[in-house]
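Open the model in a viewer and keep the sequence panel beside it. The stops below say what to select and what is there.

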Amino acid sequence: MMGMRGLWKLTWIEIKIFLREPLGAFGTIGFPVLVFLVWGRMASPKTVTTPVASAFMRVGLPVLASLLIAVSSVLSLVTIISIYREGGILKRLRATPLRPQTILTAHVIVKLMLTAATLALLVIAGKRYYPVGVQVPFFAFTVALLISTCSILSIGFVIASIVPTARFAQPIGAIILYPMIALSGLFVPLESLPPALHAVARVLPLTYAVSLLEGIWSGDAWLAHAGDVAALVVVFLVCTGLSTKVFRWE
């Protein structure tokens with residue numbers, strides 16, 4: 001009971017700290033919604049004239065915005081953990097009665113809550129400015145996004161474990177994560193990639209996140225994407241295990 005009380009208290013503190021930084025809050029919450037709105041407003045019968053473009057606007061754009069939500073959360077996590085380590089905050093937190101798992105879990109919960117909140121804003125904005133015109137299982141899609149975010153967050157913990165200083169945390173995270181989006185199959189079908197890039201794409205977690213999100217958004221059954229979920233779970237377990245070995249508190 002004490003552990004749960006401490007977890008929720010720390011989670012609430014982290015939320016308040018996060019919201020005190022306007023730029024960080026915009027980058028995590030506002031930027032994905034802004035991308036969705038700008039691209040959506042650019043879409044018109046004159047500009048979306050091919051089946052491929054139409055399919056991207058109907059499915060690819062919401063998935064891209066959702067990926068940006070997850071990646072922004074990870075970059076925020078990497079930056080905060082690095083700042084806390086450099087400022088000695090992690091060391092002081094570890095000296096409290098809170099267990100290390102509780103401290104790190106609070107950060108994960110905050111990012112998942114922000115992910116869900118940003119997705120809700122995305123849906124509201126989309127209904128107002130960019131009607132997709134399809135019936136989307138939003139609850140199932142939210143679950144798929146949270147699964148994807150958990151998997152990507154585990155990569156963020158590995159990055160946060162080894163990044164040298166807070167100054168380089170976000171650039172290093174961006175260099176690692178954004179190319180994954182380019183190779184995820186969202187813009188170019190995996191079958192069209194050269195063999196070497198195709199092999200690389202097959203081991204990247206965002207490839208499976210895109211497949212899962214696109215499928216659930218389009219109304220596929222969960223069973224059809226069991227392999228994607230399994231791959232994301234494996235990434236989560238491997239990266240979590242690795243980060244517990246290399247994570248530095250000071």
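**First stop: Ala174**

Select Ala174 and display its surroundings: setting aside residues up to four places away in sequence, Ala174 touches Leu75 and Pro179. Ala174 sits in helix H7, which covers residues 166–182. Now draw a distance between C-alpha atoms, from Ala174 to Leu75: the value is 7.0 Å, although 99 residues separate the two along the chain. The model is a predicted one.

**The whole chain**

Zoom out and switch to a cartoon. The protein chain has ten helices and zero strands. Following the sequence, the pattern reads α-α-α-α-α-α-α-α-α-α.

Colour by burial next. Of the 250 residues in the protein chain, 47% are buried. The accessible surface of the protein chain is about 12,800 Å², and carbon and sulfur atoms account for 71% of that surface. If you compute a contact map and keep pairs at least 6 apart in sequence, 78% of those contacts join residues at least 24 apart.

**Helix H6: Thr149**

Go to helix H6, residues 138–162, and select Thr149 within it. Is Thr149 buried or exposed? Its relative accessible area is 0%, so Thr149 counts as buried, the cut-off for that class being under 20%.

Show the side chain of Thr149 and look for its polar partner. The side chain reaches the backbone oxygen of Leu145, at 2.7 Å. Then expand the selection to contacts: beyond residues up to four places away in sequence, Thr149 touches Ala70, Leu112 and Thr115.

**Helix H6: Ile147**

Select Ile147, also in helix H6. Ile147 has a relative accessible area of 25% and is therefore partly exposed. Which residues does Ile147 touch, not counting residues up to four places away in sequence? They are Trp222 and Leu232. A C-alpha distance worth drawing runs from Ile147 to Ala209: 8.4 Å, for two residues 62 apart along the chain.

**The aromatic pairs**

Hide everything except the aromatic side chains. How many aromatic pairs does the structure hold? There are two.

Start with Phe138 and Trp217. Their ring centres are 6.1 Å apart and their planes lie at 80°, so this pair is edge-to-face. Because Phe138 belongs to helix H6 and Trp217 to helix H9 (residues 205–217), the pair ties together parts that are 79 residues apart in sequence. Phe138 is partly exposed, with a relative accessible area of 31%, whereas Trp217 counts as buried at 8% relative accessibility.

Keep Trp217 selected and add Phe141. Phe141 and Trp217 form an edge-to-face pair, with 4.9 Å from centre to centre and 75° between the planes. This pair also links distant parts of the chain, as Phe141 in helix H6 and Trp217 in helix H9 are 76 residues apart. Phe141 counts as buried, at 1% relative accessibility.

Finish by selecting Phe138, Phe141 and Trp217 together: they form one aromatic cluster.

**The loop after H9: His225**

Move on to the loop between H9 and helix H10 (226–246), and select His225. With a relative accessible area of 8%, His225 is buried. What does the side chain of His225 make a polar contact with? The partner is the side chain of Asp228, at 2.8 Å. Showing the contacts of His225, without residues up to four places away in sequence, brings up Ser211, Leu212, Gly215 and Asp220.

**Last stop: cysteines**

Select Cys150 and Cys239. Cys150 is partly exposed at 24% relative accessibility, while Cys239 counts as buried at 14%. The cut-off behind that split is 20% relative accessible area, with buried residues under it.

How many disulfides does the structure hold? The number is zero. A disulfide is a covalent bond between the sulfur atoms of two cysteines, so there is no such bond to display in this structure.

How values were computed. Residues are numbered from 1 along each chain as its sequence is written. This is a predicted model: local features need pLDDT of at least 70, side-chain atom pairs count only at pLDDT 80 or more; totals for chains, interfaces and linings use all residues. Side-chain values use heavy atoms; hydrogens and water are left out. Helices (H or I, at least four residues) and strands (E, at least two) are DSSP runs, numbered from the N terminus. Buried means under 20% relative accessible area, exposed over 50%, partly exposed in between (1.4 Å probe, protein chains only). A polar contact is a pair of N or O atoms within 3.5 Å; within protein, one must be able to donate a hydrogen and the other to accept it, and residues adjacent in sequence count only if both atoms are side-chain atoms. Contact means heavy atoms within 4.5 Å. Accessible areas come from the Shrake-Rupley method with a 1.4 Å probe; for residues, only the protein chains shown count as cover. A disulfide is a pair of cysteine sulfur atoms within 2.5 Å. Rings of Phe, Tyr and Trp (its six-membered ring) pair if their centres lie within 6.5 Å; planes under 30 degrees apart count as stacked, over 60 as edge-to-face and the rest as tilted.
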